[in-house]
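Biologist: Hello! Could you walk me through this structure, one question at a time?

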Amino acid sequence: MNSSVKSPALPATAAPVLELRGVSVEFGSQKVLQDISVNVHRGETLVLIGESGCGKSVTTKLLAGLLEPTRGEVRWDGRPVRSRSAREMHRDRLRYGYLFQGAALFDSMNVYENVAFGLRENTKLKESQIRDVVLERLREVGLAEVVAEKRPSDLSGGMKKRVGLARALAMSPDVVFYDEPTTGLDPVMSDVINELILQTQLNRKVTSVVVTHDMNTVRRVADRVVMLYPLSRVAPGQPQVIYEGTAENAFESEDVRVSSFVRGEAGARLKEMYAA
Amino acid sequence: MSASLLDTDPTPIHTVGRLVTNFIIAIGDLTRFLFLTLGGLMGQLPRSRVLWPVMYEVGVRSVPVIAVTGLFIGMVLAVQTYDTLRMYRLESRIGSVINVSLVKELGPVLAATMLAGRVGCAMAAEIGTMRVTEQIDALKALGANPISYLVVPRFLACFWLIPALTLIADGLGMFGGWVVSVQMLGVSDHFFWLYSQQFITAFDVISGVMKSMFFGAAISIIACHRGFHCGSGAEGVGRAATDSFVCSFIAILVLDLVLVILLNNIFRLLWALGFTVL
């Protein structure tokens, strides 16, 4: 597979297509996010990194409108999500495609029905037109027509992710969310998924939000990186977002929490654990 | 002051207070879920592609277990009742005892209990698994309303099909009672049906069927609610299925009592108004 080149990031002055303003999230007594503000600009690829349990997936679900914040505001195109009517919410949500961590394919349907789901639910396309779109999306992610009749349980992890991506792209979204797209995949398949993220960004000019632990993914796809720190270990009065900048600068960061994470060094964390 | 109270070990009053509060919150949440489902019903009805498989699962695939349950309950009732009635030389009236019990109480309650066990647990586990594996989030992300897509078809299937299942349980129960009473214990076939006919009113059958519709609605709502609020992992899914059955069974018993009182009052009112056909 030819390696694609990242597109230049758009200037930061462009209006954010997605925005979190002072957002906090609590599940019962468990606080996950506190006073987070994140912007995503049109056409850019924002990568969220951080330790497991720091709230990356929750942040992505907030941006996608799948969760509501306990406090603060989520904005799409500068307008609060809460101010939208149910009809507007439904219409606007179709602009977003979401690749879930475990692909979240519907067990009761085959691959074809999974990819066709959004089109059947939200458009008046004829079944023949839906079939064309589904097969086209499957081809885009490198899957043969024969896969269309298979059940999700018959697919490997990499194939599930690719079907999930095909499903996310079926409605031609403007923004695509990728929640840990390479987790659990072998290095080659991880690279295939990274390449698909780049191809999607280049060919469709989509805005992308990627949650990952994989530093290869960060290096290859990120225009901008945001690092979250687990709230339980954030010092009082300190922000939960501990890094915001380019991928290159993240690797050069003087903040030991950032540099040790991106380099995969356990030293500082081990000291912290033993001290505790 | 309040902090110091919270720091102390909970007293029995605290525990009771917490239980009552949790119970009220749970009932409120279930009621909200019911209204969301009814709101979903007001919109577009589920597509046949979604509705038919659920109706097949709830209706057709429940027939064997409900038929067997009804048949054996009728047979057991006959065996249990026969000796007592024989002591008073009233064994010819066994048909009325069995069939009235079946039509008014045992048919609807047993059909509902079997549905809660077979279908309700499966619904809670299926939706719970969908929640744990983010398939419910995927529905939302793909522009489908999870309540309309998952709950409304299950609600309609249970609500529409439980009357048929109840009548099957009633019918098979009567047949089982007849086999034991007439074929095995030697009760007169003529008197078995004569007294059955004399003691069972149309109102008994209608009220049994009406009760079953409430049971079906309660089973589907409770099962789907438990699925939507499923905890994480295999343990969470298992607990959702168990909770679904326990809560449904309690709901069936409570609803049965309330509906019996209500329907009996309606019956008396209609009798007073001259609706003697009932």
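Modeller: Gladly, and let us start with a term: two strands pair if DSSP finds at least two bridges between them. Keep in mind that this is a predicted model.

Biologist: With that in hand, which residue stands opposite A:Arg75 in β5(A)?

Modeller: Strand β4 (residues 71-76) of chain A pairs with β5(A) in the antiparallel sense, over two bridges. That satisfies the rule of at least two bridges. In this pairing, the residue of β5(A) opposite A:Arg75 is A:Pro80.

Biologist: What links β4(A) and β5(A), and which residue in the turn has a positive phi?

Modeller: These two strands form a hairpin, and two residues lie between them. In that turn, a positive phi of about 50 degrees belongs to A:Asp77.

Biologist: β4(A) also pairs with β1(A), so to speak on another front; how many bridges join them?

Modeller: Strand β1 (residues 16-27) of chain A and β4(A) run antiparallel. As one example of who faces whom, A:Leu18 stands opposite A:Trp76 in β4(A). The number of bridges joining β1(A) to β4(A) is five.

Biologist: Which strands stand at the edges of this sheet?

Modeller: The sheet is open and has four strands, paired antiparallel in the order β2-β1-β4-β5 (chain A). Each edge strand has a single partner, so one of its sides is left without a neighbour in the sheet. The strands at the edges are β2 (30-41) and β5 (79-80) of chain A.

Biologist: Let us turn to a helix. What span is expected for α4(A), and what does it reach?

Modeller: Helix α4 (residues 127-140) of chain A has 14 residues. At 1.5 Å a residue, the expected span is 20 Å. From its first C-alpha to its last, α4(A) comes close to that, reaching 20 Å.

Biologist: Why are the buried residues of α4(A) on the same side?

Modeller: The buried residues here are A:Val133, A:Val134, A:Arg137 and A:Leu138. An α-helix has 3.6 residues a turn, so residues three or four places apart point the same way. The buried residues of α4(A) are on the same side because the arc they cover around the axis is only 135 degrees.

Biologist: What do those buried residues pack against, and which residues are exposed on the other side of α4(A)?

Modeller: The buried residues of α4(A) pack against α3 and α5 (157-169) of chain A. On the other side, the exposed residues are A:Ser128, A:Gln129, A:Asp132 and A:Arg139.

Biologist: And which residue just after α4(A) takes a positive phi?

Modeller: Look just past the end of the helix, where phi is about 80 degrees. The residue there is A:Gly142.

Biologist: How is chain A divided into domains, and which helix gives the most to the side of domain 1 that touches domain 2?

Modeller: The domain assignment gives domain 1 (1-95 + 176-276) and domain 2 (103-172) of chain A. Their C-alpha centres lie 26 Å apart. The contact takes 10 residues from domain 1 of chain A and nine residues from domain 2 of chain A. With five residues, the helix that gives the most to the domain 1 side is α6 (residues 187-204) of chain A.

Biologist: Now for the two chains together: which element of chain A gives the most to the side that touches chain B?

Modeller: In this contact, 17 residues of chain A meet 10 residues of chain B. On the chain A side, α2 (86-93), β6 (96-99) and α3 (111-122) each supply at least two residues. The element that gives the most, with four residues, is α3(A).

Biologist: How many helices and strands does chain B have?

Modeller: Chain B has 278 residues, of which 44% count as buried. Its C-alpha atoms fill a box of roughly 70 × 55 × 45 Å along the principal axes. As for its elements, chain B has 10 helices and zero strands.

Biologist: Last one: in helix α8(B), which elements do the buried residues pack against?

Modeller: In α8 (residues 189-199) of chain B, the buried residues are B:Phe192, B:Tyr195 and B:Ser196. They lie on the same side of α8(B) because they cover an arc of only 105 degrees around the axis. The face turned away from that buried side carries the exposed residues B:His190, B:Gln197 and B:Gln198. The buried residues pack against α5 (94-132) and α7 (146-184) of chain B.

Notes
Residues numbered from 1 in each chain as written. Chains lettered and ligands numbered in written order. Predicted model: local features only at pLDDT ≥ 70, side-chain atom pairs only at ≥ 80, totals over all residues. Buried ≥ 20, exposed ≤ 12 C-beta atoms within 10 Å, placed from the backbone. Arc of directions from axis to C-beta. Contact = placed C-beta atoms within 7 Å. Domains from an automatic or database assignment. Expected span 1.5 Å × (residues − 1).
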